[in-house]
Amino acid sequence: MSLITIATLPRITRETLSAYLLATATSPSSASKLAIIDVRDSDHIGGHILNSQWVPSSSLDVKIPELVRTLADKEKVIFHCALSQQRGPSAALKYARERERMLGGEGEESHKQEVYVLEGGFVQWQEKYGKDVRLTEAYVEDIWQEY
């Protein structure tokens with residue numbers, strides 16, 4: 001049985017994530033060590049974090065094993081949804097547990113990877129970085145006015 005729970009998943013702030021992204025702009029090798037997984041569904045419209053991968057939560061169950069394989073070389077994997085209160089943490093938990101199951105404890109140190117949940121999700125991200133084209137793509141401010 002896994003010891004990983006939603007409560008034990010670490011959170012990452014928008015400021016820390018933005019610092020990582022800005023650092024990767026000057027160091028391409030750093031960019032290859034980070035993955036951002038956006039699990040919003042139809043609410044994905046109106047912008048997304050630069051270089052994030054969209055995996056709608058509605059298709060997540062079938063995509064998790066593939067994600068574990070394709071993200072195996074990443075040092076940090078960050079999940080988020082709109083608010084990172086339900087879909088983002090749930091996706092991160094499913095990913096972390098499936099990764100643990102697939103690795104089966106073998107060579108865990110050589111496969112070290114940190115799995116995070118973005119604190120405040122895209123709603124808080126866009127409040128601060130929505131208009132920053134170095135950090136956010138396809139941002140449509142009008143969509144986010146109500147938040």
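These legends walk through four close-up views of a predicted model.

**View 1. His 80 sits in strand β5.** Start with His 80, which belongs to the strand spanning residues 76-80. Is His 80 buried or exposed? Its relative accessibility is 0%, and because buried means under 20%, His 80 counts as buried. Look around it and, beyond its neighbours within four places in sequence, you will find contacts that include Ile 36, Asp 38, Arg 40, Gly 88, Leu 118 and Phe 122.

**View 2. Arg 40 lies over the face of Phe 122.** Two of the residues in contact with His 80 appear here together. Arg 40 is placed at 4.2 Å from the centre of the Phe 122 ring.

**View 3. Trp 125 and Tyr 129 form an aromatic pair.** The structure holds three aromatic pairs. In this one, the ring centres of Trp 125 and Tyr 129 are 4.7 Å apart and the planes meet at 45 degrees, so the pair is tilted. Both residues belong to helix α5 (residues 121-129), and because they are four residues apart, about one helical turn separates them. Trp 125 and Tyr 129 are both buried.

**View 4. Helix α4 covers residues 87-103.** Follow its 17 residues from the first C-alpha to the last and you travel 24 Å, close to the 24 Å expected at 1.5 Å a residue. Its buried residues include Gly 88, Leu 93, Tyr 95, Glu 98 and Leu 103. What do the buried residues of α4 pack against? Their partners are β1 (11-12), α3 (60-70), β5 and β6 (114-118). After the helix comes Gly 104, with a positive phi near 60 degrees.

Terms used
Residues are numbered from 1 along each chain as its sequence is written. This is a predicted model: local features need pLDDT of at least 70, side-chain atom pairs count only at pLDDT 80 or more; totals for chains, interfaces and linings use all residues. Side-chain values use heavy atoms; hydrogens and water are left out. Helices (H or I, at least four residues) and strands (E, at least two) are DSSP runs, numbered from the N terminus. Buried means under 20% relative accessible area, exposed over 50%, partly exposed in between (1.4 Å probe, protein chains only). Contact means heavy atoms within 4.5 Å. Rings of Phe, Tyr and Trp (its six-membered ring) pair if their centres lie within 6.5 Å; planes under 30 degrees apart count as stacked, over 60 as edge-to-face and the rest as tilted. A charge sits over a ring if NZ of Lys or CZ of Arg is within 6 Å of the ring centre and within 35 degrees of the ring normal. The expected span of a helix is 1.5 Å times one less than its number of residues.
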